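Here is a set of short exercises to work through with the structure open beside you. Try each task before reading its solution.

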Amino acid sequence: MKKITVPDIVKMKSEGRKIPVLTAYDYPMARILDDAGIPILMVGDSCGMVEAGRENTLTVTLDEIIYHTRSVARGRTAAVVVSDMPFGSYQTSVIEARRNAARLVAEGGAEAVKIEGGRRSLRAIKAVIEMDIPVMGHIGLTPQSVHAMGGYRVQGKSSEAAEKITEDARELEKAGVFAIVLEGIPSQLAGDITAELGIPTIGIGAGPNCDGQVLVLNDMLGLDSTVKTPKYVKRYMDLKNIISSAVVEYVIDVEAGRFPSKEQSY
Ligand code: KIV
């Protein structure tokens, strides 16, 4: 399989090709997604919630993202690995932002990093791009701002708020990001931003008019069907119940003395 690069991703927009993105946190899933042709594997700080059962993404550490990134990078052949810069890893100073982005690349094997925030994160974003580390922006509903937003709420509903998000998108493009995640904003606004920018937009809860779409893998596979999934998620399978049935079968086999059989014995 031919390696996909960051410039290839940017080119997909001008070629009119949609960009399917999924999150990945471990080696076996990274292999499956890469083989299936997903061009970007996103090591999101959503790992803190869907893999570690935490309430939000704010407690995820850089070391944890590096650990997940390493596993994902080992599992991919073609896809571009983009890793989240977690809360607190880029806001305190430009030097910290540079050092931490460099760790994600050097220790984790990331090929790009994602930084939440528009104009408020521009200094960090520019500093990281100056190191030749490609940056993906992330605006609209930014989960690291959950306390400031008062919850996970759709953003950009008023014309004033929509204008702020549009201006953020313009500034991010000017700063040199290679793509922007648009999360939790009205479809019309996402479509307008997508039409205006030369770089790809990747939507999540932002309607069909973005250049690409991203979903949290665990959500689309139905790994935790006890959790109420947001409206924008399409569940492609009910993996929780499939795994659960297999495990129940195993328990019954062991209890009945049917496993291991001769075939599984030395
Ligand atoms: O943390 C994450 O997984 C993300 C994507 C879903 C955009 O930020």
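## Exercise 1: An unusual backbone angle

At 70% relative accessibility, Asp132 counts as exposed, since the cut-off for that class is over 50%. Keep in mind that this is a predicted model.

**Task.** Find where Asp132 is located, and work out what sign its phi has.

**Solution.**
- Step 1: Locate the residue. Asp132 sits in the loop between helix 6 and strand 5 (135-140).
- Step 2: Recall the background. Most residues other than glycine have a negative phi, and most peptide bonds are trans.
- Step 3: Read the angle. The phi of Asp132 is positive, about 65°, although Asp132 is not a glycine.

## Exercise 2: A peptide bond to look up

**Task.** Which residue is joined to Pro260 by a cis peptide bond, and in which segment does Pro260 lie?

**Solution.**
- Step 1: Pro260 belongs to the segment after helix 11 (239-255).
- Step 2: Its cis peptide bond is with Phe259, and omega there is about -5°.

## Exercise 3: The two sides of helix 5

**Task.** Check the length of helix 5 (residues 94-108), then decide how its buried residues are arranged around the axis.

**Solution.**
- Step 1: Start with the length. Helix 5 has 15 residues, and at 1.5 Å a residue it should span 21 Å; the C-alpha atoms at its ends are 20 Å apart, which agrees.
- Step 2: List the buried residues of helix 5, which are Ala97, Asn100, Ala101, Leu104 and Gly108.
- Step 3: Look down the axis. The buried residues of helix 5 fall within an arc of 100°, so they line one face of the helix.
- Step 4: Recall the geometry. An α-helix has 3.6 residues a turn, so residues three or four places apart point the same way.
- Step 5: Turn to the other side of helix 5, where Ile95 and Ala106 are exposed.
- Step 6: Find the partners of the buried residues. They pack against helix 4 (62-75), strand 3 (80-84), strand 4 (112-116) and helix 6 (122-130).
- Step 7: Step past the end of helix 5. Just after it, Gly109 has a positive phi of about 90°.

## Exercise 4: The same analysis for helix 1

**Task.** Which residues of helix 1 (residues 6-14) are buried, and what do they pack against?

**Solution.**
- Step 1: The buried residues of helix 1 are Val6, Ile9, Met12 and Lys13.
- Step 2: These residues cover an arc of only 110° around the axis, which puts them on the same side of helix 1.
- Step 3: Pro7 and Ser14 are exposed on the other side of helix 1.
- Step 4: The buried residues of helix 1 pack against strand 1 (19-23), strand 2 (40-43), strand 3, strand 4 and helix 9 (187-196).
- Step 5: Gly16 follows helix 1, and its phi is positive, near 70°.

## Exercise 5: Charged pairs

**Task.** The structure holds 16 salt bridges. Which residues pair with Arg54, Arg98 and Arg170?

**Solution.**
- Step 1: Recall the idea. Side chains of opposite charge can pair when their charged atoms come close.
- Step 2: Take Arg54. Its partner is Glu64, with the closest N and O atoms 2.6 Å apart. Arg54 lies in the loop between helix 3 (47-50) and helix 4, and Glu64 in helix 4, so the pair ties together parts that are 10 residues apart in sequence.
- Step 3: Take Arg98. Its partner is Glu130, with the closest N and O atoms 2.7 Å apart. Arg98 lies in helix 5 and Glu130 in helix 6, so this pair ties together parts that are 32 residues apart in sequence.
- Step 4: Compare their accessibility. Arg98 counts as partly exposed at 29%, whereas Glu130 is exposed at 59%.
- Step 5: Take Arg170. Its side chain meets that of Glu167 in a salt bridge (2.8 Å, N to O). Both residues lie in helix 8 (residues 159-175), three residues apart, about one turn of the helix.
- Step 6: Widen the view. Glu163, Glu167, Arg170 and Glu196 are linked in a network of salt bridges.

## Exercise 6: Between the domains

**Task.** Describe how domain 1 (6-235) and domain 2 (238-266) meet.

**Solution.**
- Step 1: The centres of the two domains, taken over C-alpha atoms, are 38 Å apart.
- Step 2: Six residues of domain 1 are in contact with four residues of domain 2.
- Step 3: The two domains bury about 410 Å² between them, 61% of it on carbon and sulfur atoms.
- Step 4: Zero salt bridges are found across the interface of domain 1 and domain 2.

Note on methods:
Residues are numbered from 1 along each chain as its sequence is written. This is a predicted model: local features need pLDDT of at least 70, side-chain atom pairs count only at pLDDT 80 or more; totals for chains, interfaces and linings use all residues. Side-chain values use heavy atoms; hydrogens and water are left out. Helices (H or I, at least four residues) and strands (E, at least two) are DSSP runs, numbered from the N terminus. The expected span of a helix is 1.5 Å times one less than its number of residues. Buried means under 20% relative accessible area, exposed over 50%, partly exposed in between (1.4 Å probe, protein chains only). The arc is that of the directions from the helix axis to the C-beta atoms. Contact means heavy atoms within 4.5 Å. A salt bridge is a side-chain nitrogen of Lys or Arg within 4 Å of a carboxyl oxygen of Asp or Glu. Domain bounds come from an automatic or database domain assignment. Buried area is the accessible area (1.4 Å probe) that two parts lose on being put together, summed over both.
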